[in-house]
Amino acid sequence: MSDLTPAAATLAAAATGHGFLSPTGVEIAFVLVGLATLGAAAITVTTKQLVHAALWLVVTLGGIAVEYLLLTAEFIAWVQVLIYLGSVVVLLLFGLMLTKAPIGRSPDADSHNRWVALGVALVAAGALVWVVVDAFRTTWIDLDGPVQGSTEVTGAILFQHWVLPFEALSVLLLAALIGAIVLSRRDAAAGPDDTKGQQR
């Protein structure tokens, strides 16, 4: 008799049944969607058109939602769609319209610090990958078992351990909206004559 529970036995069988050389359909889809999401994220931060960056951000966040679905975290996926795609991106586009951002290319948006930004991004990505791999090195997700991202489990974790970061993010988004309104009113108070003088 084995001392393993049925769930542990299923995970052990899944771990030994296939590896990197024999991936499942879900794993292949996860990798393909991940590559597409990574490409969209790269275009988001490299394009010189702000509106295009916002639209590519929609593709990036949508790809992340699909990844959550493939990980059987349906609740997190729909939260991703409703909050980020339905709220954050709309807030970003709203801010672009309020600040009268140019539709075409924006050379002024380039600070000419691409190599510094690339170095910081690589260090941050390496640290994030290392932390995630180290934390979940021996953790397996049973795709055939109960849903991991259920409302009950997610709600308990969110309102017990992540209340303060969640509220801090809400305040940050509110501050961004207020800043956009202040900038738009400052441009309107400058008047058309001042605007023409700045263009000259």
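Q: In this predicted model, where does Ile-28 sit?
A: Ile-28 lies in helix α2, which covers residues 25-46.

Q: Why is Ile-28 called partly exposed?
A: Its relative accessibility is 41%. Buried means under 20% and exposed means over 50%. The value for Ile-28 falls in between, so Ile-28 counts as partly exposed.

Q: What makes Ile-28 eligible for a surface patch?
A: Patch residues need over 30% relative accessible area. Ile-28 has 41%. It joins Phe-30, Val-31, Leu-32, Leu-35 and Leu-71 in a nonpolar patch. Together they offer about 520 Å² of accessible area.

Q: How do you know that the length of α3 fits a helix of 21 residues?
A: At 1.5 Å a residue, 30 Å is expected. From first C-alpha to last, α3 (residues 50-70) reaches 31 Å. That is close to the expected value.

Q: Which residues of α3 are buried, and what do they pack against?
A: Among them are Ala-53, Thr-60, Leu-61 and Glu-67. The buried residues of α3 pack against α2 and α4.

Q: What does Thr-72 do just after α3?
A: Thr-72 takes a positive phi of about 60°.

Q: Why does the span of α4 agree with its number of residues?
A: Helix α4 (residues 74-98) has 25 residues, so it should span 36 Å at 1.5 Å a residue. Its end C-alpha atoms are 34 Å apart, which agrees.

Q: Where is the kink in α4 centred?
A: The kink is centred on Tyr-84 and is about 25°.

Q: Which residues of α4 are buried?
A: They are Ala-77, Gln-80, Val-89, Gly-95 and Leu-96.

Conventions: Residues numbered from 1 in each chain as written. Predicted model: local features only at pLDDT ≥ 70, side-chain atom pairs only at ≥ 80, totals over all residues. Heavy atoms only, no water. Patch = residues over 30% accessible without salt bridge, like charges linked within 9 Å, V, L, I, M, F, W, Y side chains within 5 Å. Areas by Shrake-Rupley, 256 points an atom, 1.4 Å probe, with all protein chains shown as cover. Salt bridge = Lys/Arg side-chain N within 4 Å of Asp/Glu carboxyl O. Helix = DSSP H or I, 4+ residues; strand = E, 2+ residues; numbered from the N terminus. Buried < 20%, exposed > 50% of the residue type's maximum accessible area, 1.4 Å probe, protein only. Expected span 1.5 Å × (residues − 1). Bend = angle between axes of the 7 residues up to and from the residue. Contact = heavy atoms within 4.5 Å.
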